[in-house]
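Trainee: Hi, could you walk me through this one? I'd like to learn how to look at charged residues and empty spaces.

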Amino acid sequence: MTETMTAREAAARALFAIREEDAWSAPVLRKYTAQMSLRDAALATALTGGVLQNRSMCDFYVTKFSKTRLKKIQPRILDLLRLGVYQLLWMDRIPDSAAVNESVRLARSLCHADRQTAGYVNGVLRAIARNKDKLPQPDCETKGEYYSLRYSHPRWLTELYLEQFGVKQTRLLLEADNQPAPTVLRVNTLRADVEQVRRELEEKGAEVQAHDTIPNCLLVSGTGSLEQLPAFAEGRVTVQDGASQMSVYALDPRPGMNVLDCCAAPGGKSFFAAERMRDTGAVTSCDVYDHKLNKIREGADRLGLSCMHTELQDAAVFRPEWAERFDAVLCDVPCSGMGIIRKKPEIRYKDEAPLRSLPDLQLAILNNACRYVRAGGTLVYSTCTLLKRENEAVVQQFLQQNHEFESVSFSLPVCAEPVDGWVTLLPHVHNTDGFFVAKMRKHP
């Protein structure tokens with residue numbers, strides 16, 4: 001990586017890494033854009049995200065204008081074709097000639113393409129550019145097939161969404177998934193107030209607006225590296241989408257309480273709980289990886305939270321000394337992550353097979369963690385997915401097996417009415433990530 005890397009090259013290298021190394025887009029882009037201007041870094045990010053969000057449609061157009069079958073195209077060349085198609089058809093401000101010529105250049109420099117391969121890339125993209133006003137349209141037999149292609153979501157997922165949400169809500173959800181995720185900063189009210197932070201960020205040149213419904217939250221853009229902001233480095237703000245805050249609102253931690261966060265990494269919910277407790281009582285944050293606990297400890301130090309401590313602990317393994325010890329227990333369990341596709345667009349392409357076993361693990365964690373709740377205490381279950389098999393089905397099975405617990409109603413800032421037991425948050429409805437939150441109470 002050098003300072004002369006272009007935005008398109010950074011995007012291409014990111015796409016290679018995501019496909020070849022199963023990498024996540026955010027850290028890969030940070031790596032390749034570290035030395036870039038804000039403008040070029042933003043373009044690289046937009047190109048990478050745009051290709052991931054529209055990959056199926058990019059492939060559809062390549063197929064229509066290529067004499068080579070999709071499966072026969074070299075994988076890196078296909079990535080570059082997708083990158084070119086996205087610029088041609090989705091980015092109005094990029095001249096067609098730039099999109100085509102840069103794709104050909106990258107084919108030569110990154111793929112060592114010979115004259116024939118470079119000519120192939122040039123020919124396919126120029127043919128698409130010439131036909132922009134009369135492009136072929138998908139001809140699909142079912143809504144599931146059409147939505148899968150049109151919005152680049154796996155067929156199995158679009159079918160489940162249609163079953164759960166119906167046609168209109170599914171379309172709106174898939175459209176929301178393909179929109180950029182806003183950057184949400186939650187103000188640490190132990191160290192600052194919202195207006196103070198807002199003025200500070202605006203003085204740094206950032207665009208800032210208050211969240212419509214969530215207290216002490218700011219939507220920001222134009223900040224560059226968040227870690228370099230004094231407000232972040234000095235613990236006045238932390239990055240946390242509104243959806244993940246909702247599980248803490250449901251938990252309702254109060255000063256002096258003893259709280260357990262069973263699957264705490266990266267720590268945002270533990271931090272928020274400790275702040276709501278005014279840094280009194282105790283918050284125990286658990287994870288199965290020590291390096292993640294180190295990150296949580298660093299975050300707590302940055303935010304000035306002394307009531308937190310970490311434990312290396314498998315959430316599905318019983319710890320006898322914790323039996324009936326906690327006032328409130330949060331189980332934000334491992335899940336398929338399908339609610340955060342707009343934040344991690346590549347997650348939609350993960351293999352579905354391993355996801356089918358997740359409900360068993362989620363129920364095991366819930367059945368174990370419930371033993372830590374004192375009589376009259378609170379148990380909250382949450383995920384960042386929208387799939388009923390990981391959400392309502394798990395909670396219902398848990399309640400059938402554990403009669404000492406009952407669902408209870410609760411209020412959330414993003415919901416106009418009180419929630420009756422559990423709620424699924426949708427990006428296009430609640431202006432948050434997709435999330436599920438359920439609240440239960442142990443009988444006194």
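Mentor: We'll go through some charged pairs and then some spaces in the fold, bearing in mind that this is a predicted model.

Trainee: Great! Let's start with Asp-79. Where does Asp-79 sit?

Mentor: Look at helix α5, which covers residues 75–90; Asp-79 belongs to that helix.

Trainee: And is Asp-79 buried or exposed?

Mentor: Asp-79 is buried, because its relative accessible area is 4% and the cut-off for buried is under 20%.

Trainee: Okay, which residues does Asp-79 touch, if I skip its neighbours within four places in sequence?

Mentor: With those set aside, Asp-79 is in contact with Leu-15, Phe-16 and Arg-19. The side chain of Arg-19 also makes a polar contact of 2.8 Å with the side chain of Asp-79.

Trainee: Which residue meets Asp-79 in a salt bridge at 3.2 Å?

Mentor: That's Arg-82, and the 3.2 Å runs from N to O between the two side chains. In general, side chains of opposite charge can pair when their charged atoms come close.

Trainee: How far apart are Asp-79 and Arg-82 along helix α5?

Mentor: They are 3 residues apart, so about one helical turn separates Asp-79 from Arg-82. Both of these residues are buried.

Trainee: Can you show me another pair with that kind of spacing?

Mentor: Try Glu-102 and Arg-105, a salt bridge whose closest N and O atoms are 3.1 Å apart. This pair lies in helix α6 (residues 96–111), and because Glu-102 and Arg-105 are 3 residues apart, about one helical turn lies between them. Arg-105 is partly exposed, with a relative accessible area of 32%.

Trainee: Now something outside the helices. What does Asp-327 form with Arg-374?

Mentor: A salt bridge, with the closest N and O atoms 2.5 Å apart. That pair links distant parts of the chain: Asp-327 is in strand β8 (residues 326–332) and Arg-374 is in strand β9 (residues 373–383), 47 residues apart. Asp-327 is buried, at 17% relative accessible area, while Arg-374 counts as partly exposed at 32%.

Trainee: Which residues do salt bridges with shared partners join into one network?

Mentor: Arg-19, Glu-20, Asp-59, Arg-76, Asp-79 and Arg-82 are the ones joined that way.

Trainee: And how many salt bridges does the structure hold?

Mentor: There are 28 salt bridges in the structure.

Trainee: Switching topic: how much space lies in the second largest pocket?

Mentor: That pocket holds about 190 Å³. Some residues we've met help to line it, including Leu-15, Arg-19, Asp-79 and Arg-82.

Trainee: Which helix gives the most to the lining of the second largest pocket?

Mentor: α1 does, with 3 residues. Helices α1 (7–21), α3 (38–53) and α5 each supply at least two residues of that lining.

Trainee: What classes do the lining residues of that second largest pocket divide into?

Mentor: The lining has 7 charged and 5 nonpolar residues, and no polar ones.

Trainee: Last one: how many cavities of 30 Å³ or more are there?

Mentor: The count is 1. The largest cavity has about 30 Å³ of space, and among the residues lining that cavity are Cys-262, Cys-286, Asp-314 and Trp-322. By class, the lining of the largest cavity has 6 nonpolar, 2 polar and 1 charged residues.

Trainee: Thanks, that helps a lot!

How values were computed: Residues are numbered from 1 along each chain as its sequence is written. This is a predicted model: local features need pLDDT of at least 70, side-chain atom pairs count only at pLDDT 80 or more; totals for chains, interfaces and linings use all residues. Side-chain values use heavy atoms; hydrogens and water are left out. Helices (H or I, at least four residues) and strands (E, at least two) are DSSP runs, numbered from the N terminus. Buried means under 20% relative accessible area, exposed over 50%, partly exposed in between (1.4 Å probe, protein chains only). A polar contact is a pair of N or O atoms within 3.5 Å; within protein, one must be able to donate a hydrogen and the other to accept it, and residues adjacent in sequence count only if both atoms are side-chain atoms. Contact means heavy atoms within 4.5 Å. A salt bridge is a side-chain nitrogen of Lys or Arg within 4 Å of a carboxyl oxygen of Asp or Glu. On a 1 Å grid over the protein atoms alone, a cavity is a set of points where a 1.4 Å probe fits but cannot get out, and a pocket is an open set with protein on both sides within 12 Å along at least five of seven lines; lining residues have an atom within 4 Å of a point. Grid points are joined across faces, edges and corners, and a volume is the space filled by probe spheres set on the points. Ala, Val, Leu, Ile, Met, Phe, Trp, Tyr, Cys and Pro count as nonpolar, Asp, Glu, Lys and Arg as charged, and the others, Gly among them, as polar.
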